[in-house]
Amino acid sequence: MLKDMQEYGIGNTPLRELEPINGNRIFVKLERENALGSIKARTGYGIMEELPEEAQNKIIIESTSGNLGLALGFFCKETGHEFMCLIDSSIASAKLEKLRAHGIKYEFVAKRDGMDLRSSRICRAQELMDSGKYYWVNQYDNKAGINVHYLTTGPEIWGQLDGTLTDIVCPMGSCGTICGISKFMKEKDSEIQVCGVEPYGSTIFGEIDAPYINVGAGLVGKPGNLIHSQAEVNVHMTMTDEKSIEYAERLYSEYGLAVGVTSGMCYAAIDRYAQNITGHTIVFIAPDGRESYGEYLY
């Protein structure tokens, strides 16, 4: 039985205002301030809180770049479940060290012919699920992962700005975050514009299938979360790794915000997005911290 999310130090993360861009107010939601260091602490909690009966007495597994693995490993210990994390060679060394430090079991999944690393992990997760011994929680198509952002992340942002935001920018990967936030915001004000951002090379909306280093976002094709929730994404953008790193460095050097590459991706997207509007109040999600991207950030 899990305690309330707040008792774990998750949620109520700060919203910080940055310098305006083209007459627009810019705010960043700092999810690295969650316990466990990322927005995936919310997702892991939500998934384990709504774990179905069929998962009992099975080993919980997930395909992850590290952040969700850390969260699920923690909450599985809280609920008495065994857990194994499926990772690949792209995982940042800092994230791998965190998994080891917390005693979380993991399996390295090799790249399969004709697949990228993330797709290879997903394929392995399905194989293990089919064996009958494991239960794959499948962050890419899990209503609980959407619901936790509908119930917590969206309302927090709305309350912190007294409902005055006009646009929200979210990274897209499993799309649980953007689906949950979009559902909440559109119920509050259908005019709020939801902008989803993915790395250049990801094909959630992007048309170019190419390699990218941004493990915190991106996917081949649309995940089930986006398809089945029918969440409204008004604008979609792609951003190169180079720009994402550049803007993560700007957030650190100009504001002292130690956030990761995915956060930089969203800030770079805002810089482009805001050039065509003025007088808006724009919020973007910064999913995790700089310490997880030591290979790419100086």
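Start with an aromatic cluster: select Y8, Y45, F74 and F75, which ring pairs link together. Keep in mind as you look that this is a predicted model. Across the structure there are 10 aromatic pairs. Y8 with F75 is an edge-to-face one, with 5.2 Å from centre to centre and 90 degrees between the planes. This pair joins distant parts of the chain, since Y8 belongs to the segment before β1 and F75 to helix α2 (residues 67-79), 67 residues apart. Color the two by accessibility and see where they fall. Y8 has 10% relative accessibility, so it counts as buried. F75 is buried too, because its relative accessibility is 0%.

While Y8 is still selected, add E78, which sits in helix α2. Leaving out residues up to four places away in sequence, E78 touches L2, K3 and Y8. Is E78 buried, partly exposed or exposed? With a relative accessible area of 35%, E78 is partly exposed, because buried would need under 20% and exposed over 50%. For a sense of scale, draw a distance from the C-alpha of E78 to that of W136: you should get 18 Å, for two residues 58 apart along the chain.

**Next stop: a stacked pair**

Now select Y267 and F284. Their rings are stacked, 5.6 Å centre to centre with 15 degrees between the planes. Y267 is in helix α9 and F284 in strand β10, so this pair ties together parts 17 residues apart in sequence. Y267 has a relative accessible area of 3% and is therefore buried. F284, at 0%, is buried as well.

**Along helix α8**

Stay with Y267 and bring up Y255, one of the residues that Y267 touches. Y255 is placed in helix α8. The other contacts of Y255, again leaving out residues up to four places away in sequence, are R16, L18, E19 and R250. Try a distance between the C-alpha atoms of Y255 and L18: they are 7.9 Å apart, although 237 residues separate them along the chain. The relative accessible area of Y255 is 14%, so Y255 is buried.

Now show the whole of α8, residues 241-255. Does its length come out as expected or not? At 1.5 Å a residue, its 15 residues should span 21 Å, and the end C-alpha atoms are 21 Å apart, so the two agree. To see which side faces inward, select the buried residues: D241, S244, I245, Y247, A248, E249, L251 and Y255. Among the elements covering them are β1 (15-21), β9 (235-239), α9 (261-273) and β10 (281-286). Step just past the helix and you reach G256, with a positive phi near 70 degrees.

**Charges over rings**

Two more selections, each with a charge over a ring. First take R290 and Y252: the charged end of R290 sits over the Y252 ring, 3.9 Å from its centre. Then take K183 and Y150, where the charged end of K183 sits over the ring of Y150 at 4.5 Å from the centre.

**Into the cavity**

Time to look inside. How many cavities of 30 Å³ or more does a search of the whole structure find? The answer is 1. Its volume is about 380 Å³. There are 32 lining residues, and to find the middle, select K40, Q139, S174, G216 and A217, which are the closest to the centre. Then color the helices: α1 (40-49), α2, α4 (117-130), α5 (143-160) and α6 (176-188) each supply at least two lining residues. Which element gives the most to the lining? That is α6, with 3 residues.

**Last stop: two unusual loop residues**

Finish with N138 and Q230. N138 is in the loop between β6 (134-136) and α5, and its phi is positive, near 55 degrees, in a residue other than glycine. Now jump to Q230, in the loop between α7 (224-229) and β9. Q230 also has a positive phi near 55 degrees, and it too is a residue other than glycine. Which of them is buried and which is exposed? N138 is buried, because its relative accessible area is 17%. Q230, at 69% relative accessibility, counts as exposed.

Conventions: Residues are numbered from 1 along each chain as its sequence is written. This is a predicted model: local features need pLDDT of at least 70, side-chain atom pairs count only at pLDDT 80 or more; totals for chains, interfaces and linings use all residues. Side-chain values use heavy atoms; hydrogens and water are left out. Helices (H or I, at least four residues) and strands (E, at least two) are DSSP runs, numbered from the N terminus. The expected span of a helix is 1.5 Å times one less than its number of residues. Buried means under 20% relative accessible area, exposed over 50%, partly exposed in between (1.4 Å probe, protein chains only). Contact means heavy atoms within 4.5 Å. Rings of Phe, Tyr and Trp (its six-membered ring) pair if their centres lie within 6.5 Å; planes under 30 degrees apart count as stacked, over 60 as edge-to-face and the rest as tilted. A charge sits over a ring if NZ of Lys or CZ of Arg is within 6 Å of the ring centre and within 35 degrees of the ring normal. On a 1 Å grid over the protein atoms alone, a cavity is a set of points where a 1.4 Å probe fits but cannot get out, and a pocket is an open set with protein on both sides within 12 Å along at least five of seven lines; lining residues have an atom within 4 Å of a point. Grid points are joined across faces, edges and corners, and a volume is the space filled by probe spheres set on the points.
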